[in-house]
Structures are given as structure tokens and as C-alpha cells.
Amino acid sequence: MSESGAGAHAVIMEASPFGLQSKKLVIWLFIASDAITFGALLFGYSYLRLGSLDWSYPFEGSSILNGFIMTVILLTSSLTMLAAVMAAKRDNKGQCLRWIGFTILLGTIFAVLHLREWFHMFGEGWALYKNPLGGSPIFAAGFFGITGLHLLHVISGVIALSILAIRYNNGALDKTYVETTGLYWHFVDLVWMFVFPIVYLMNAAVR
Amino acid sequence: MSSEREPSMKVYVGLWVVMILIVALEILVTYRHMPTDLFVGLILILAFLEAGIGVMYFMHMKFESPNLFWTLVPITIFVLVMLDQIWPDALRLARMNLFR
Amino acid sequence: MHDAQPAVHHHTAPEGFIRKYVFSVDHKVIGLQYYGLALVAVFVGMVLSWLMRLHLGWATLAIPGLHLLSSAGAPGNVMTPEYYLSLMTMHGTIMVFFVLTNAPLAGFGNYFLPIQVGAADMAFPRMNMMSFWVTFTAFIVLMLSFFVGDGPPLSGWTAYATLSSVGGASGPGEATGQTFWAISIALFCIGQLLGSLNFISTTLDLRTKGMTLARLPLSTWAWFVTSCIGLLAFADLLPACILLILDRSFGTSFFNPAGMVLNGEVAKYSGGSPLLWQHLFWFFGHPEVYIAIIPAFGIVSHILAASARKPLLGGTRVLIGCMIALAFLSYVVWGHHMFLSGLNPFSAILFSVPTLIITIPATIAVLMWIGTVYGARLRFNTACLFCLGFISVFVSGGISGFFLAQPSIDIYLHATYFVVAHFHFVMAVAAIFGIFAGTYFWMPKMIGRMMNETLGKWHFWLTFVGVYCIFMPMHYLGLAGNVRRYAAFTDNFLVPLIPVHKFITIAALFTGAAQFIFLFNLFYTRFWGPKAPDNPWEATSLEWSTTSPPPFDNFGGRQMVVNHGAYEYGVEGPKDYIMQTDPVKVAGD
Amino acid sequence: MGKAFGAVVSIIALVSAYFIVVHRWWLPVDISTTGPLIDHQFNETMVEAGILFIAAQLILGLFCWQYGDKPGRRVKEFPGGPKPVVAFGVIIVGLEILALSLVGSKAWAAIYMTPAPSDAIHIDVQAEQFAFFFRYPGPDGKFGKIHPELMNDGNGDYFGIDPMNDVAARDDIMVGTLTIPVNKPILLTLHSKDMIHDFYVPELRIQQDILPGLEIPIHFTATKVGRYEIACTQLCGLGHYEMRAFLEVLPQDKFDEWLKEQSGD
């Protein structure tokens, strides 16, 4: 709309107002949309939590520590992803692939740690619908629901990165795909930045 | 997108350290006993700070066209802020609970 | 800033039936597929409404063959009250999701958005194909619920918890049917998300030379704005559906509070709130209403200018402003569906004011259309008539919004037929009129043949008078306190209203029958209609600069160059319009 | 064709308005103290909206009548262009909104934002698939506690009270008809056993959803003796259409008599 006044008859190819490649724009839009999805989940969870009178605070120090380690791992994977993107920009395929490999590794470690915690909790009697501490089962439902959806994003991110690595290696995808996949990966990290305080820290056993 | 303006790896590592420190601070805040509203406020501010670094630097939004920031961020926040209208109701929920 | 390169797709026209017509990446085929899906859905939905109306007029009437659809739901061909509710649920769901969202946005949008911006295809053709097939699967899943367990769910298209969230304990159809419903809608959300991403990026990135945002036709603007709404609104419904599925199949209690007694036993739920479903649903639900109506805004404006032979009053700017204002307001007002739901009464006032403010952009849009008709040279073809009809029904439906937006009046009118009349006029009939207008206007381009005008005019008159006969009396029913979603009227204050229901039923049967004229016209045209010229309506936008139907890459390899705004009608000279691609005549016009 | 369209639109608008003007189908007589506020608001809205409706349809019809495609006629712009039209729309509708929302909040506030008078008679409502039940506290003025596990329609314990162990519950009166004295403020506490139901009495101009797990208060004062229907207006399952109860408004002395009779047995 900006240059509609400037020379109504000048035939110009009006650039996208964002100056982005289409696929990068689409990833950004998808991120906004997915942010609303997670936002709605977190809002719904908090809504029920605010309205509930028997909330339980189950996370002991060890769980918080585990969560902290997972956070650090995810943050680090973002850093390795950045390194991969920078390497791709320099057209250094080998280095880029190595960094993508690190990212995949870290993502997998995150998922494994997460699942380990889940199974630990299952062992203590937790389930989607059950709170062994006797408080509101919404905590369990919310915890497994939200972290589950996040875990799904992590796992699909790992799969996407693996496909990217293979197809980038054999030249089927160019370097711009490294950047867009990287954006998605950072977003997964971003969601965790809210999940960790809202789902873990606010339920730490200190209150 | 002047890629020259893009920071070097060093800056990113620095930001990475800052983000880890923010998470550590969040945990510290959790273990300080303080009123719940203050705790929630603090922890959310920290989370948004961390997410801000993530979006602006790690996701490069700072180095894209400002239009992207000025459409995507306000619209997403607008929608989430509108969703905030559920809170008065949530508080009422606790008050009107049959089994309080 | 480097120039964003529009993604260029060098795919050639596919060979083979499957690649060409089934799993096609061509936006035109996908548009027709969406349109076809909506056409099937709308007739299913219409037949359901017939059955419902018959039951409302004559509750014990045997409808021959109905037991074939469900032997439990219609023993001896007489519909049971619960089956009435099931059909009502399916009518609402099919119409709102698979007709009002699919046809004007995904159908016409897919077909004409790339052409109107001058692109060869969507930005992401394969994603586009996925979007359709996901939506198609959603439709199939929804239809399957007719044939599982006790049939379709009976909780209405809003699927209010706790009716929807406790499984079979709450009624027939709630066991399996409701799960299918939830899966179907979740899939639909994903399909719409993919579609929205495509629409937005295509509009922004693939515009041809000279096609500035200001020169985009209003229909493209409408699809663009709608996609922006859909991108964020469906993202909110998706988690709601996920939570509903968790509640139903995995024993969580997001929407189920403690202390519910089902079938004489205390249910093992605790901690949830049925209000949460309403919040999440209506936070999507209100934007959804605009997803249905804004494309019709665009289509009608687009066609009205061509029919009136003059530019729209206020140019495109005012209407674009209205649409964007509506898009924002749609997120602010969802609570007006919940005034009486146990919502905090202070919130009700908060929601009421922006709801009333919505009438401002809506009124301005209507004034712009009426102002466009002033001094026009209206060519009363069928498309034009449907546009004028759209304005009329939109006004009729919008006016009743004044009542429902006020919580104090809503106390009386909420959940009466007044609401049914309101949303059918303003959203359903208005959007359907937009679809019809688009069909009569664009079908020559889409299938290369002219629709029959005589049949079209019959169709218009019968439909126009018919919908007023159906929905205007519903206002009166609402005034008399007639509660909606009742399978039969046995209350003392409702029994005297049954004759009105009978009148409405008869009107609905006739109006529905008139739609077969349309169907016949469509099929007749498809096979035996006269060949359409490239620009039968002497319209200006890019779709009229190519052949009817357009070639695979839309413009036969030409790079279109746009020199003019979208609606330059009523100019001096041998022809009274300037096409967007016409060369610039002289400096200073 | 334009003339036909103009005529049809005008006829539709006028016929539609006719039934409204003659009150062929209309709101039932109001029997509550807050009802007149709502009715006033309703009538005011009807006048304003009605004028807009008829004006818009007639003008649309007139323009269609007049501006067909006559050869040789040139199109003309709307006099004054879009700006006055937009301003007109904003001002007219804006004023209407202002008037409606300022005045309209009064009725809403009277019903929902003012607490019930302290002398209000407190009655408990239990909604279930597909019936309403009502509970009076009895002479002690206290309700027994609700225990969902004790709810049993078979033995008449609709509210799940525990008269064995709960003193307050022993004299609770549970009935299927809402009986109230005239001109006395009533405070209802709405409960639901299973689904979302709704308490709707058109004559009272009261409609309120009843949610499981919540206690929703609503208060009103009935001003006319008589028997009225309570309908459920929130879809609650297969028997939704026949879920109803009666509201019996009695003179004070008859009500006292009735209450005594009830607590007698």
C-alpha cells in the first residue's frame, strides 16, 4: 500500500511488505498460529487452576533440576541450530550438517529426559486423569497435555531436522530450508520458555 | 536484511548465557517465599524477557524488516490479550464452586 | 532490503487423471474441489434442515425412508426427539464449517485469488492440495458419525460441555458420534491453517507487476483478511478439540467439574469447568462468523461494482477499512454468546460495548453498497440480483444484532428463535447469497460456459422471497419466547406458535426445492451451456484478462502488467470500463 | 427487473414491520419488578432498529427501482462522495450505541449486579436431565449440605442431603413446583446435577444458565399471582424439549399456608 501514491502509473513489482521469502513468511505465520494454540492451552490450564481450590504442588527439587537441565539442553540446541544456519549461509555444508547433527542429538536427549520424567511420574501413580496426591487432577491433565504437545513439536522437529540433513546433503533442498527449519526449532525452544515457568516452577513444592 | 548487521557467534553465546541465567533466576525466584501475585508477575516478566531475546536474536526478527515485527507481534499479543478476558470468570469460578 | 523473489513454480500441466483431477496441485482444480465439496455438503445440510423442519411442524409425521438413515433414530419413519437433535447438530456443523467456510473462502478463494493477483498458482501448491484433502477427510469423518453407534452427536454445533465431554452417559450419539465430531473439527482446523498460510503468502508475495495492495480487488482483500482471522481463530479451536478428545477418550476432566451425577452415580471427574469450553469455543466461534461473512463482503463488492458500472462509493479503501475493523473486533466480542452462561456480569458489559461497535463498520459497508447503487446503471443479471439480495438480508440480520448485543435484552431473547433468525440472516443466508452471486458471476470463468439467466432469475426470486418467509417469522417466534433446539413444542406458551412453525416448514420446503433449479442449472451449464467469452460481464479484474476457463498457468505464460485500480467503471469512451491490464492512455488520465 | 426488486424489497420490509407494529406475536405480560426496565429497553431498541431497517430496505429498493441500465444515461457519483456517508453512519449508529448501552446497562445491573435484598426468600434449584427440583430451607432457615453421592430421585432426595447426620437438612422441603409469594424478593441458587441447563421464565424476563459444579445466584420479585412455565433453554440432551417445571406465584397468606403444609409432613 505504501507506494500506491507514488506514481500511480509506474509499473513496479511491489515487494512483499515483509521482504521475506514466501516460505520464511509462512513459517513465521505458522509460528504465530502455533503460539496461539499453545497460548490457548496455557490459558485454559491457568483458568482451571485459578478456579480450583485444591491445587497440588508436586515438583520436588529433583524435578526442577531435571527441568532446568532440559531447559539448558534446549537452549543449547538453539545455539547449535544458529551455528548450523550461519554455516549454511557461508555455504559450508559439512559444518552445517555437523551442527544440525548436534541439534538433533540435543533434541533427542531432551525428549529422552522428558520421557524419563514422565515414566518416573507414571511410576508414582500419576496419569492424565489421576493425581496421586489427592489434589485437582487438572494438574496432571494439564501437565501431560501441554508438555505432551510440546514433546510432539520437539519430536517432529527432530524428524524435520533429520530429513533436512539428508535432503540438504544430497542437494534436494537448498540452504534457505536450513533457516526456516531453524526458525521452527527456535520456536519450539520459545514455547518451552513459557512451559517451564508456568507448568514446572509454579507447581514447585515450595508453596 | 543486511546480514552484515547480524551478530557474530560470540554475541549469540553471550545471549545464550544470559538466557540460562534468566532461567536460573526464575528458579531462584521460585524458591524465595514471596506473595503469589508478585511471584507470578516476576516469573512471567522473566519468561517474556527470555522469549524476547529468543524472538529478536535467535529467530532474527531484529534483523528482518520492521514490518514483520510490527504486524506479527502486536497481532499475536492482541489475540492473547483478548483471551485475558477469561480471568474475571476464573476467579468467580472459585468463589461460586459448589464444593468449596 | 533485498527484493523478495516471488516463488516461481515451473511445474508443467500434469498428465493422467489422478494428478490432474484428484491429487492436483493446480489451485483451480483445488478451488473446484472445495466448491464441489461445499455443494455436496450444502445439499446434505439442506436435506437435514428439511427433515428438521418437518419434525417441527408435524412431530408425528412419518417421513418415508427415514428409517434407512437410522433405524433407532426413526422407528417407523417417525423421527425421535433425540434424532432431531442429532440432525440439528449435523446441519449446524456441516453448514458452518463445510459450506460457509469452504465455499466462499476456500472454493472461490483458491480459484480466483491467484488469478486476481496475477500469479500462476498459489505460493505452495502442494500444501494447498494437502489443505483440501485434510478438509475432505474431515468431512468424511463427520459423515461417518451417521453410521456409528447411536448416530451423530446431539450436542449442537457448539458442542457445549458437559453434554459433549462425558461420553455416552449424556445421551445417544455422545458415545462415538461426538468423538468423530471432535476429530473431524480438529482436522478441519489443520486444513484451514494450511489454507490460510497459502492465501496470505500468495497475496503478499505473488502479486504481479503493478499489482499494488491498493489495486487488489476487494474479493482478494476479503480472502486475505479472512485468512488472517482464520490463521489465529482455528489455532484456538484446535487445542479446544484436543482437550475435548482428551476428556472423552482419556478420562481427563478439563470441562467436567466435580460432583456430577450421571446415571445415578457420581462421576469421577474433578476440577474442570464447562465454561472453559465455551470460552475456547466462542473465542474461535465469533471470528468464525466473520470468516463466513467477510468473503461474501468481498465477493458482493466485487460483483456490485461490475453490475453497477461505476466504482464503489469510497473506492476500495473504505470497504477494506471496514473488513479490517471487523477482523479486529471479531476477537473482542466472543463473550456476547455467553451473557447468560454464568459469565461474570461485569464482563457482559465489557463484551456488550464492542459488540455494539461492530455495527459501525457493518453499517458503513452497507451504506457504501447502497451508495454505489445510487446513480448506477444496474445490469440486473442474476449475480447482481443476488448481490442486492445480499444487502437486503444482511441489513435484516444485522438489525436484530442491536437487540442481542445488549445483555439486558438478551436475558429475554437468548436461546430463542430470535437468535436463530439473526444468525441465519446475517451469516448463513447472507453468505449463501454471496456464494450464489459468486457462482453466477464466476461460473462462466470456472467452467467456460454461461449459466442460464432465466433459470437463475427464477432461482433468485424464489430463494429471496423464500428466505424471508422462513426467517422473518422466526423473529416473531423469538419475541413470543419460543425456545430453540426443542424437538417438539409441548409447553403451554409454545403450543399456539405451532401454526407459525408449519408456515416456516412449508416455506423451507419450497425454498429448498428452488435450490434444485440452481443445481439443474449448474449441471446443465457444465455440459450444454453456451460457451463463455473471456469477459462476459465487461469486468475489469485480472481473471477476465485470460481465457474461460484459464489455462493451466492462468495466463498462458504471459506476465500480466497491471496499470489500473480494480474498479474503473463508468469512464468515457467506447467502452465504459478500464481493465486492470489496459495500457495507460495518456499522462494524467 | 429493478422495479420488481424495489417493489419486492419494500413489500417485504413493510409486511415484516406490520407484524411487529400490531404486536401479532409479542412478549408475554411481564410479572417482575425488573421486567419493565427490560421491556422499556426492548421497545426503545425496536423503534430505533425498526426505523433503520425500514429506511435501509426502502432506500435500497428505491435506488434499484430508479437506477436500471437505461441506454444513454451516465452513471453518477453519490452526492458529496463517501465522506459524509461514512460520517453519517458513524454518528447515527454511534449515537444509538451510546444511548442503548448507557440506558441498557441499567436493567442488567438491576438483575445481576445488585445483591438480593436481605429479606429475600432463599430457594435452592436443582436441575437434572430432565427436570427441575426446588428446595426450601424449612423453619430453621438453613439448607442441608449437598452430597452428590446421596442424590437419588427414587427416594426423593433430589439434592443429596443427609438428614441422618445433618441437622440443617432435616427440615428441608423438596418439591417439583417453584412456589413463591407475590411481591416478595426471591433469591434462587441454581445447581445442576449433570449437564448445563437453563432457568427461563419468559414472564419474569429471567433466563440464566445452570452449570454443574457451580452455585449461580439470581434474584427477582414477582408482581402477579398466577401459574407460569419454567423452561430449560440450554440444550441438555434428548429430553431437552420437555424439561420444564411450573412457577406458582401465590398471595402471601396462601404461600404461608402452603409452606406450613409442606413442612408438616
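**How the chains meet**

Among the 5 pairs of chains in contact, chains C and D share the most contacts. The model examined here is a predicted one, and the C–D pair makes a good place to begin a tour of it. On one side, chain D brings 84 residues to this contact, and on the other, chain C brings 88 residues.

The side of chain D that touches chain C draws on both helices and strands. Helix H1 (2-21), helix H2 (35-66) and helix H3 (82-113) of chain D each supply at least two residues, and so do strand E6 (197-201), strand E7 (206-210) and strand E9 (226-231). The biggest giver is H3(D), with 17 residues. Sorted by class, the chain D side that touches chain C holds 51 nonpolar, 18 polar and 15 charged residues.

Chain C also meets chain B. To this contact, chain B contributes 13 residues and chain C contributes 17 residues. On the chain B side that touches chain C, helix H3 (66-83) and helix H4 (87-95) of chain B each provide at least two residues. Here H4(B) gives the most, with 4 residues. The classes on this side of chain B are 9 nonpolar, 2 polar and 2 charged residues.

Not every pair of chains meets, however. Chain A and chain D do not touch, and 11 Å separates their nearest C-alpha atoms.

How values were computed: Residues are numbered from 1 along each chain as its sequence is written. Chains are lettered from A and ligands numbered from 1 in the order in which they are written. This is a predicted model: local features need pLDDT of at least 70, side-chain atom pairs count only at pLDDT 80 or more; totals for chains, interfaces and linings use all residues. Two residues are in contact if their C-beta atoms, placed from the backbone, lie within 7 Å. Ala, Val, Leu, Ile, Met, Phe, Trp, Tyr, Cys and Pro count as nonpolar, Asp, Glu, Lys and Arg as charged, and the others, Gly among them, as polar.
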